[in-house]
Amino acid sequence: QVQLVESGGGLVQAGASLRLSCAASGTIFSIGAMAWYRQAPGKQRMLVASITGGGSTNYTSSVKGRFTISRDDTKNTVYLQMNNLKPEDTARYYCSGAVLTIFSGWGTYWGQGTQVTVSS
């Protein structure tokens, strides 16, 4: 059993910062490529940022220069530092990625999400 649990969301004003965390737990051997997605009401879920096992990162254009994805493999945790938040960043943020489990090999898992609301 693997769980990805996001935390760190909240209600903030425009210009503020938040740091989201995604902790993987269970019978884990290691985590691979991981990503953050977001879904605003009435819109499709979209990729925000991704990070490979080697630490290479990619961002959607709207968050470049404001968001930073990072990982701590000793804690099986991925982070999303979000600075200069804008109202259009309001969404539910989901963590997803590849996890190598002890008994089942590689699999792709999703968290339940954490809500980020940015007021103007």
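This passage walks through the strands, core, aromatic contacts and loops of a predicted model.

A word on ground rules comes before the results. Because the model is predicted, local features need pLDDT of at least 70 and side-chain atom pairs count only at pLDDT 80 or more, while totals for chains, interfaces and linings use all residues. Residues are numbered from 1 along each chain as its sequence is written, and side-chain values use heavy atoms, with hydrogens and water left out.

Start with the sheet. Strands here are DSSP runs of E with at least two residues, numbered from the N terminus, and two strands pair if DSSP finds at least two bridges between them. Four strands line up as an open sheet in the order β1-β3-β8-β7, with antiparallel pairing. The edges are taken by β1 and β7, each with a single partner strand, so one side of each has no neighbour in the sheet. On average, neighbouring strands of this sheet are turned by 15 degrees against each other, direction ignored; the axes behind that angle are lines fitted to C-alpha atoms, and angles run from 0 to 180 degrees between N-to-C directions.

At one edge, β1 and β3 pair in the antiparallel sense over six bridges, and Q3 stands opposite S25 in β3. Also in β3 is S21, which is buried at a relative accessible area of 17%. (Buried means under 20% relative accessible area, exposed over 50% and partly exposed in between, using a 1.4 Å probe and protein chains only.) Leaving out residues up to four places away in sequence, S21 touches V5, E6, S7, W36, T77, V78 and Y79, where contact means heavy atoms within 4.5 Å.

At the other edge, β7 and β8 pair in the antiparallel sense, again with six bridges, and T68 has Q81 in β8 as its bridge partner. Side chains alternate along β7: F67, I69 and R71 point to one face and are buried, whereas T68, S70 and D72 point to the other and are not. The two strands β7 and β8 make a hairpin with four residues between them. In that turn, N76 has a positive phi of about 50 degrees although it is not a glycine, and N76 is buried, with a relative accessible area of 19%. N84, in the loop between β8 and β9, likewise is not a glycine yet has a positive phi of about 45 degrees; N84 is partly exposed at 42% relative accessibility. For background, most residues other than glycine have a negative phi.

Next comes β11. Strand β2 (residues 10-13) runs parallel to β11 and is joined to it by four bridges, with Q13 opposite S119. β9 pairs with β11 too, in the antiparallel sense over three bridges, and R92 stands opposite Q115. Side chains alternate here as well: T114, V116 and V118 are buried on one face, while Q115, T117 and S119 point to the other and are not buried.

What sits inside? The largest nonpolar core has 27 residues, and those with the most contacts inside it are M34, W36, F67, V78, L80, M82 and Y93. (A nonpolar core is a set of buried Ala, Val, Leu, Ile, Met, Phe, Trp, Tyr and Cys residues joined through side-chain atoms within 4.5 Å.) At least two residues of this core come from each of β1, β3, β4, β5, β7, β8, β9 and β11.

On to the aromatics. A search of the whole structure turns up one aromatic pair: Y37 and W110 are tilted, at 4.8 Å centre to centre and 50 degrees between the planes. (Rings of Phe, Tyr and Trp, the last by its six-membered ring, pair if their centres lie within 6.5 Å; planes under 30 degrees apart count as stacked, over 60 as edge-to-face and the rest as tilted.) Y37 lies in β4 (residues 28-39) and W110 in β10 (residues 105-110), so the pair ties together parts 73 residues apart in sequence. Both rings belong to partly exposed residues, with Y37 at 22% and W110 at 38% relative accessibility. R45 lies over the face of W110, 4.9 Å from the ring centre, and the charged end of R45 also sits over the ring of Y94, 3.7 Å from its centre. (A charge sits over a ring if NZ of Lys or CZ of Arg is within 6 Å of the ring centre and within 35 degrees of the ring normal.)

Finally, A40 is in the loop between β4 and β5. Its C-alpha atom is separated by 8.8 Å from that of E88, 48 residues apart along the chain. Neighbours within four places in sequence aside, A40 is in contact with T90 and A91.
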